[in-house]
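I opened a fresh page for this one and worked from the overall fold towards the details. Here is what I looked up, in the order I looked.

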Amino acid sequence: MVVFRFFILINLFFAFIKADEFGYYYENEKFLIAIPMFECEGDIHCTNGGYFGVNKRNAKSLEILSKPTPIKNSVNERLMGYKFKNSNYIYEIYGDIMSGGKIYLNVFKQGKTIFKSDDLQQIEQEEFISKLKEIDSGLPASFEKFYKRLQNKYKYENYQ
């Protein structure tokens, strides 16, 4: 019985460590995209996030290290998504975030929609890295470096 309780405590400990981190994933014939989110209260509000996209045809990647701007419903302030900005582009994760419903990635250039994804999925980091290896053997190292920078980007800013 003591071993069983210890096992449950260890599992709960690791569940809480991962609870403040999750990610979205999208893939089609042209792109492979990961949007890791950190410092999250459940999956409701995240204060740190980023965008890592790869063009599958030429293996070029785009990295955005940015504090996500929450998108809220104007009527009841319900969280509907997050926005990342990069130059003239805005990347939005938008949908039914709070209830686990469908979530989409929209990309805008100077206010015009240039891309709208199908439903985004959650994915384990290891699975994403194996998909990167299929495109180019150097991409996993780039993603790992991006991921570590993103993980620590705003860590100390919240304590000031």
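**Overall fold**

I began by counting elements, and the protein chain has three helices and 10 strands. I kept in mind throughout that this is a predicted model. Reading from the N terminus, I wrote the order down as α-β-β-β-β-β-β-β-β-β-β-α-α.

Next I checked burial, and 36% of the 160 residues of the protein chain count as buried. The accessible surface of the chain comes to about 10000 Å², with 53% of that belonging to carbon and sulfur atoms. I also looked at contacts with a sequence separation of 6 or more: residues 24 or more positions apart account for 39% of them.

**The cores**

Which residues touch the most other members of the largest nonpolar core? I found I35, M37, I93, L105 and L120, out of 19 residues in that core. I then traced where the core comes from: β1 (21–27), β2 (31–41), β3 (45–55), β6 (79–86), β7 (89–95) and β8 are the elements that give two or more residues to it. β2 provides the largest share, four residues.

I stayed with L120 for a moment and listed its contacts beyond four places in sequence. L120 touches three tyrosines in a row, Y24, Y25 and Y26. Its other partners are I35, I93, I103, Y104 and L105.

I then noted a second, separate core of 15 residues, and F128, L139, F143 and L150 are among them.

**The β8–β9 hairpin**

How do β8 and β9 run relative to each other, parallel or antiparallel? I found them antiparallel, with four bridges joining β8 (residues 103–109) to β9 (residues 112–116). One pairing I picked out is F108, whose bridge partner in β9 is T113. The two strands form a hairpin with two residues between them. In that turn I noticed Q110, which has a positive phi of about 50 degrees.

**The second largest pocket**

My last stop was the second largest pocket, which holds about 240 Å³ of space. It is lined by 15 residues, and F31, I33, Y51, L62 and Y91 are the closest to its centre. Which strand gives the most to this lining? I have β3 down for that, with four residues. At least two lining residues each come from β2, β3, β4 (61–66), β7, β8 and β9.

Looking back over my page, I see β2, β3, β7 and β8 listed among the contributors to the largest core, and these strands also appear in my note on the pocket lining.

Definitions and conventions. Residues numbered from 1 in each chain as written. Predicted model: local features only at pLDDT ≥ 70, side-chain atom pairs only at ≥ 80, totals over all residues. Heavy atoms only, no water. Pairing = 2+ DSSP bridges. Core = buried A, V, L, I, M, F, W, Y, C linked by side-chain atoms within 4.5 Å. Buried < 20%, exposed > 50% of the residue type's maximum accessible area, 1.4 Å probe, protein only. Contact = heavy atoms within 4.5 Å. Areas by Shrake-Rupley, 256 points an atom, 1.4 Å probe, with all protein chains shown as cover. 1 Å grid on protein atoms, 1.4 Å probe; cavity = no way out; pocket = protein on both sides within 12 Å on 5 of 7 lines; lining within 4 Å. Points joined across faces, edges and corners; volume = space filled by probe spheres on them.
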